[in-house]
Amino acid sequence: MRVALLISGGGSNMKALVADMAGDHPCRPCLVASNDPAAGGIAWAAGQGIATAVVDHRPYGRDRAGFETALRDRIDATQPDLICLAGFMRILTPDFIRAYAGRMLNIHPSLLPKYPGLHTHARALQAGDTQAGCTVHEVTADLDAGPILGQARVPVLPGDTEETLAARILVQEHRLYPAVLRRVAQGDRARLDLG
Ligand code: GRF
């Protein structure tokens, strides 16, 4: 299966997915695209010989549809079977999501349904949670609320900061997302709990 990966920054989750797809895997990356020309993951992907695309969202201003049309043209040119959002920081319109209904995944750094949206680690710390983690879910029109495909948990430790908690969770993101992609590519959408 052909997988297009969308990033906005360094793309550590994209790199983990690309690394896992090398060798015996039903998927191959067909595109790494970003909304940010400065995204470090673009140069890395190009260095791996993967097709890349940058559609800078800034010139489009509030014309979200215009940006998405340009992005969709680049994505669709590579004929992906699946789309993985990996640290992609733009809100997508229902039209975009409908175009890829059922075949677009995202990773979110919280144990959804807790803490959809931003600043998930600060909110978990603020709430005094003893557990945190990450979730891979299908992308639907409701932000961070699509069917959950997998979760991984970490303890929240005394003295944790947003940074220490984020780093602990990111390690699990890099385990969870590849594991979920392998299952989805084989037609298995049963929820995976990595503990
Ligand atoms: C991670 O916390 C991820 O969960 C969120 O964006 C952060 C950076 O991801 N989506 P990456 O390193 O760019 O993959």
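1. In this predicted model, a nitrogen atom of the ligand lies 3.5 Å from a polar backbone atom of Ile107. Two further approaches involve oxygen atoms of the ligand: one is 2.8 Å from a polar backbone atom of Asn13, and one is 2.5 Å from an N or O atom in the side chain of Ser12. The ligand taken alone exposes 360 Å², of which the protein buries 78%.

2. The ligand occupies the largest pocket. Two elements each contribute two or more residues to the shell around the ligand, namely α1 (12–21) and α6 (162–185).

3. The residues around the ligand are Gly11, Ser12, Asn13, Gly87, Ile107, Pro109, Leu170 and Glu173. By character, this shell comprises 4 polar residues, 3 nonpolar residues and 1 charged residue. Both domain 1 (1–100) and domain 2 (106–195) supply at least three residues to the shell.

4. Two points of backbone geometry deserve the attention of a new reader. Most peptide bonds are trans, and most residues other than glycine have a negative phi.

5. The peptide bond from Leu112 to Pro113 is cis, with omega near 10°. Pro113 belongs to the loop that runs between β5 (104–108) and α5 (120–126).

6. Gln79, although not a glycine, has a positive phi of about 50°. Gln79 is placed in the loop between α3 (64–76) and β4 (82–85).

Conventions. Residues numbered from 1 in each chain as written. Predicted model: local features only at pLDDT ≥ 70, side-chain atom pairs only at ≥ 80, totals over all residues. Heavy atoms only, no water. Near = heavy atom within 4 Å. Polar contact = N/O pair within 3.5 Å; in protein donor to acceptor, adjacent residues only side chain to side chain. Areas by Shrake-Rupley, 256 points an atom, 1.4 Å probe, with all protein chains shown as cover. 1 Å grid on protein atoms, 1.4 Å probe; cavity = no way out; pocket = protein on both sides within 12 Å on 5 of 7 lines; lining within 4 Å. Sits in = over half its atoms within 2 Å of the grid points. Helix = DSSP H or I, 4+ residues; strand = E, 2+ residues; numbered from the N terminus. Nonpolar A, V, L, I, M, F, W, Y, C, P; charged D, E, K, R; others polar. Domains from an automatic or database assignment.
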